[in-house]
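I am opening a notebook on this structure and will write down each thing I look up, in the order in which I look it up.

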Amino acid sequence: MANEQQTQGDDRRQVVIRAKGLEVGYGKTVVLTGLEFEVRRGEVFVILGGSGCGKSTLLKNMIGLYEPLAGEIELQGRNLVGASAAERREILRGIGVTYQSGALFGSMTILQNVRLALQEFTDLPPEAIDLIARMKLGLVGLRGSEEKLPAELSGGMRKRAAIARAMALDPAILFLDEPQAGLDPITSAELDQLILSLARDLGITFVIVTHELASVFAIADRVLFLDGKRKTAVAMGNPHDLKRNSKDPLVRSFFRREVLSTEQPA
Amino acid sequence: MGATTGSGRARAEVREEDGVLVLALAGHLDAAGTAEVWRPAESALAGLGSRALRLDASGVDYADGSGTALLFDCLQRAKRKGGGAELVGASHEVRSQLELHDPELWCEQPAPERKSDGLIVEVGRATTDAWKEARELIEFTGAVAIALKFALLNPRSVRWRDVVRVSERAGVNALPIIAIIGSLMGLILAFQSAIPMKKFGADLFVADLVAISLLRELGPLMTAIVLCGRSGSAFAAELGTMKVNEEVDALTTMGLEPVRFLVVPRVLAAVMTTPMLAVFANLCGLIGGAVVFLSFGHPLVSYYRQVQGAVTHVDLLGGIFKAFTFGVIVAAVGCARGLQTGHGASAVGLSTTRSVVSGILLIVIADMAFALLYYALDI
């Protein structure tokens, strides 16, 4: 296999996501092919690559929005590909997703946004649902904004509210699409800390699509590096190791250029 | 001796030890388990009084966000009652989850403040809103008038490709519905009038009634109402979505006036297509009336002569001028409501509804004004 593969971390942990011979794309257009990877419980797994390399397409296949062209995706041991509608709903209930724009329901307050899944899928009494929703919002630093509509929030606050909503049902896996986009550095660092603590303390697995290299180095256990031209993953491993040891020129230049630019004095 | 509640997933046991109320939670505190023991725990705490609470979580083998919320709620309720609270036997995972939440932040749950402003303030607010809306509409009318004048003086500035595209969608594509409603309107008018008129031997004049009603009034009015529901709402939704997506802001910052760029092509398309649709509706209505007329045993030539004698080109042109005005109203109101859209998907829905309601209202008011004008001018 030409791809550079590095394995890190504790391999004894349970595998919660497994991609086998995965090929993704639109119609007959193949965007990425030959993807093989596993993500373990409590791991922060970052999908990295240049613009247009297929990061979001891969993510949408992993969360069941698109059907892969070939191969399999297992979430918590159950294959998403070829699952019936009922099985698919059951599998997807174990995951939470946040989208780039936040995708909050505009006609509801953010508290109502977080409450929605709890109301629909649990038998908890209303005051319990209310407290859980408020605690989730408190976790992402939105205490005091519970009664606001999404339109009344800044872009960064909307992103945090979306994370709170995704966590409402305590999913085992959280997929975050560009979570740091639109956040100031302090909030972004706080979010990194939150992701780390949720992963370490609660064992939540994170799959994150991001461009923020500072966050990647702060939180990622492993990264999957995609190349749109070669239409496949060209490297996988710990970001610090990849930065130091990767022999792939694209991976090297990607890390060096962006790291160099962030290390320049203001 | 304590009381145990709950079933398979989770259990809650309440007992007293040395003046301390012990609430022992056990089992799987996920959403389902927590739902089983939430009420029993709440009842136990209601009888806490001034005693201290010992929350025993040694039997909890798993707690997710809902289980954590239950533990948190118990501890905070007990602390608020002043007797103190302690958590014992909790696993590292459970403690870690609890520590993610700042207890100081959650000691008090302020009830959301909701106070009524009173009738006078509400009336004042409604009046201000109505005045603001009227002013916006007047400003918008002025902006459209200026943009239309500019377009007439500089025809090359108009985005004719957009005008053709909108004309096709709002005009050509509306032909089937206009044909159906127009012909049925003629048919219904003829039927409803034929029965009483036949009693007086005046059934020949059904043709006159249908022709005058359609050409002067119903053809343009019905066309405008259909157009308002079909195209005015589409304009509002399209421009509203652009507003929500900040596309209108992008136009403004690019130096392009939204009114000239978005509203003028739609208004021009509407004023060109509405009169034609009204004429088409008249024609379909007359055909519908003719069907009834023939079914009463009269020849077609009688219908033709009656119609020819009943209406003149003044009636036709009067109706077309009405349709022209209604077209301006439909397009302008639809676009105005679209550009007034607030934030979010619900705002687009609201704008669409408002465009239809205010469009139909303004059409009827304009129709009344035309009735008075034509009466005064003896048309």
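How many helices and strands are there in chain A? I looked this up before anything else, keeping in mind that I am reading a predicted model, and I noted nine helices and eleven strands for chain A.

**Entry: chain A as a whole.** I took down that chain A has 266 residues and that 55% of them count as buried. Looking at contacts between residues at least 6 apart in the sequence of chain A, I found that 63% join residues at least 24 apart. For the surface, I recorded that chain A exposes about 11500 Å², with carbon and sulfur atoms supplying 50% of it.

**Entry: helix 3 of chain A.** Which residues of helix 3 of chain A are buried? In this helix, which runs over residues 110-121, I listed Ile110(A), Leu111(A), Asn113(A), Val114(A), Arg115(A) and Leu118(A) as the buried ones. An α-helix has 3.6 residues a turn, so residues three or four places apart point the same way. I then asked what covers the buried residues of helix 3 of chain A, and found that the cover includes helix 4 and helix 5 of chain A.

**Entry: Glu74(A).** Is Glu74(A) buried or exposed? I found Glu74(A) in strand 5 of chain A, which spans residues 70-75, and its relative accessibility is 14%, which is under the 20% limit, so Glu74(A) counts as buried. Setting aside neighbours within four places in sequence, I noted that Glu74(A) is in contact with Val16(A), Ile17(A), Arg18(A), Lys20(A) and Asn79(A).

**Entry: Ala151(A).** I next looked for Ala151(A) and found it in the loop between helix 4 (126-139) and helix 5 (155-166) of chain A. Ala151(A) counts as partly exposed because its relative accessibility is 39%, a value that falls between the 20% and 50% limits. With neighbours within four places in sequence left aside, the contacts of Ala151(A) are Arg158(A) and His343(B). I also noted that Ala151(A) and Phe105(A) are 46 residues apart along the chain, while their C-alpha atoms are separated by 9.8 Å.

**Entry: chain B as a whole.** Since His343(B) is a residue of chain B in contact with Ala151(A), I turned to chain B and recorded 13 helices and five strands there. Chain B has 379 residues, of which 44% are buried, and its accessible surface comes to about 19600 Å², with 65% belonging to carbon and sulfur atoms. Among contacts in chain B between residues at least 6 apart in sequence, I noted that 77% join residues at least 24 apart.

**Entry: where the chains meet.** How many residues does the contact take from chain B and from chain A? I wrote down 26 residues from chain B and 23 residues from chain A. The two chains bury about 2100 Å² between them, and 71% of this is on carbon and sulfur atoms. I found one salt bridge between chain B and chain A: Glu127(A) pairs with Arg39(B), and their closest N and O atoms are 2.2 Å apart. On the side of chain B that touches chain A, helix 1 (31-46), helix 2 (65-81), helix 3 (92-99) and helix 4 (103-106) of chain B each supply at least two residues. I closed the entry by sorting the residues of that side into nine nonpolar, ten polar and seven charged.

Note on methods. Residues are numbered from 1 along each chain as its sequence is written. Chains are lettered from A and ligands numbered from 1 in the order in which they are written. This is a predicted model: local features need pLDDT of at least 70, side-chain atom pairs count only at pLDDT 80 or more; totals for chains, interfaces and linings use all residues. Side-chain values use heavy atoms; hydrogens and water are left out. Contact means heavy atoms within 4.5 Å. Buried area is the accessible area (1.4 Å probe) that two parts lose on being put together, summed over both. A salt bridge is a side-chain nitrogen of Lys or Arg within 4 Å of a carboxyl oxygen of Asp or Glu. Helices (H or I, at least four residues) and strands (E, at least two) are DSSP runs, numbered from the N terminus. Ala, Val, Leu, Ile, Met, Phe, Trp, Tyr, Cys and Pro count as nonpolar, Asp, Glu, Lys and Arg as charged, and the others, Gly among them, as polar. Buried means under 20% relative accessible area, exposed over 50%, partly exposed in between (1.4 Å probe, protein chains only). Accessible areas come from the Shrake-Rupley method with a 1.4 Å probe; for residues, only the protein chains shown count as cover.
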